[in-house]
Amino acid sequence: MTNNLTRENSRTNGAQATEKFLTPVASIHETADGYTIELEMPGVNKDSLEIAVENNELSITGRRNHP
């Protein structure tokens, strides 16, 4: 299931930028040692991933450049 979200940001020069967010398909597997998470994020490379844990909530953000 993919959710499409849109957020508009105001910039300091008065122009607006629109960012689109997608919730990728994910698979989570539990093992004796921990968890494995697999995400489908086409066009996103390892260097553009941001992974954070805050208040026991995992957040994974991947950014891709459009040509």
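Student: What relative accessible area does Phe21 have?

Tutor: Read the percentage against the cut-offs: buried is under 20%, exposed is over 50%. Phe21 has a relative accessible area of 27%, so Phe21 is partly exposed. Keep in mind that this is a predicted model.

Student: Where does Phe21 sit along the chain?

Tutor: Phe21 belongs to strand 2, which covers residues 16-22. Now set sequence distance beside distance in space. Phe21 and Arg63 are 42 residues apart in sequence. Their C-alpha atoms are 9.5 Å apart.

Student: How many helices and strands does the protein chain have?

Tutor: Zero helices and six strands. Along the sequence, the pattern reads β-β-β-β-β-β.

Student: What confidence does the protein chain carry, as mean pLDDT?

Tutor: Look at the mean, then at the weak stretches. The mean pLDDT is 78. Of the residues in the protein chain, 69% reach 70 or more. Over residues 5-12, the pLDDT is below 50. In the model, that stretch has 20 contacts beyond near neighbours in sequence. Where pLDDT is low, the predicted coordinates should not be read in detail.

Student: What share of the 67 residues is buried?

Tutor: Buried residues make up 3% of the protein chain. The exposed area of the protein chain is about 6300 Å². Carbon and sulfur atoms supply 46% of that area.

Student: How much of the contact list comes from residues 24 or more positions apart?

Tutor: Count the contacts with a separation of 6 or more. Residues 24 or more positions apart account for 4% of those in the protein chain.

Student: Show me a pair at a shorter separation.

Tutor: Take Ser27, in strand 3 (residues 26-30). Ser27 and Glu38 are 11 residues apart along the chain, with their C-alpha atoms separated by 5.1 Å. Set aside neighbours within four places in sequence, and Ser27 is in contact with Thr36, Ile37 and Glu38. With a relative accessible area of 30%, Ser27 is partly exposed.

Student: Which residues make the nonpolar surface patch?

Tutor: Ile28, Tyr35, Ile37, Leu39, Leu49, Ile51, Val53, Leu58 and Ile60 make it, and the patch is about 840 Å². Next, ask which elements supply them. Strand 4 (35-39), strand 5 (49-54) and strand 6 (57-62) each give two or more residues to the nonpolar patch.

Student: How does Leu39 qualify for the patch?

Tutor: A patch residue needs over 30% relative accessible area. Leu39 has 31% and is partly exposed. Leu39 lies in strand 4.

Student: Which side chains meet in a salt bridge?

Tutor: The structure holds one salt bridge. The partners are Arg63 and Glu50, at 3.7 Å from N to O. Arg63 lies in the segment after strand 6 and Glu50 in strand 5, so the pair ties together parts that are 13 residues apart in sequence.

Student: How accessible are the partners, Arg63 and Glu50?

Tutor: Arg63 has a relative accessible area of 44% and is partly exposed. Glu50 is also partly exposed, at 44% relative accessibility.

Student: Which backbone oxygen of Arg63 or Asn45 does the side chain of Ser48 reach?

Tutor: Ser48 reaches both. The backbone oxygen of Asn45 is 3.0 Å from the side chain of Ser48. The backbone oxygen of Arg63 lies 2.9 Å from a polar atom of that side chain. Leaving aside neighbours within four places in sequence, Ser48 is in contact with Thr61, Gly62 and Arg63.

Student: Where is Ser48, and is it buried or exposed?

Tutor: Ser48 is in the loop between strand 4 and strand 5. Use the 20% cut-off for buried residues. Ser48 is at 19% relative accessibility, so Ser48 counts as buried.

Student: Which phi values should I look at in the loop between strand 5 and strand 6?

Tutor: Look for positive phi in residues other than glycine. Asn55 has a phi near 50 degrees. Asn56 has a positive phi of about 60 degrees. Asn55 is in the loop between strand 5 and strand 6, and Asn56 is placed in that loop too.

Student: Are Asn55 and Asn56 buried or exposed?

Tutor: Asn55 counts as exposed, at 75% relative accessibility. Asn56 counts as exposed as well, at 82%.

Notes: Residues numbered from 1 in each chain as written. Predicted model: local features only at pLDDT ≥ 70, side-chain atom pairs only at ≥ 80, totals over all residues. Heavy atoms only, no water. pLDDT = per-residue confidence, 0-100. Contact = heavy atoms within 4.5 Å. Patch = residues over 30% accessible without salt bridge, like charges linked within 9 Å, V, L, I, M, F, W, Y side chains within 5 Å. Areas by Shrake-Rupley, 256 points an atom, 1.4 Å probe, with all protein chains shown as cover. Salt bridge = Lys/Arg side-chain N within 4 Å of Asp/Glu carboxyl O. Helix = DSSP H or I, 4+ residues; strand = E, 2+ residues; numbered from the N terminus. Buried < 20%, exposed > 50% of the residue type's maximum accessible area, 1.4 Å probe, protein only. Polar contact = N/O pair within 3.5 Å; in protein donor to acceptor, adjacent residues only side chain to side chain.
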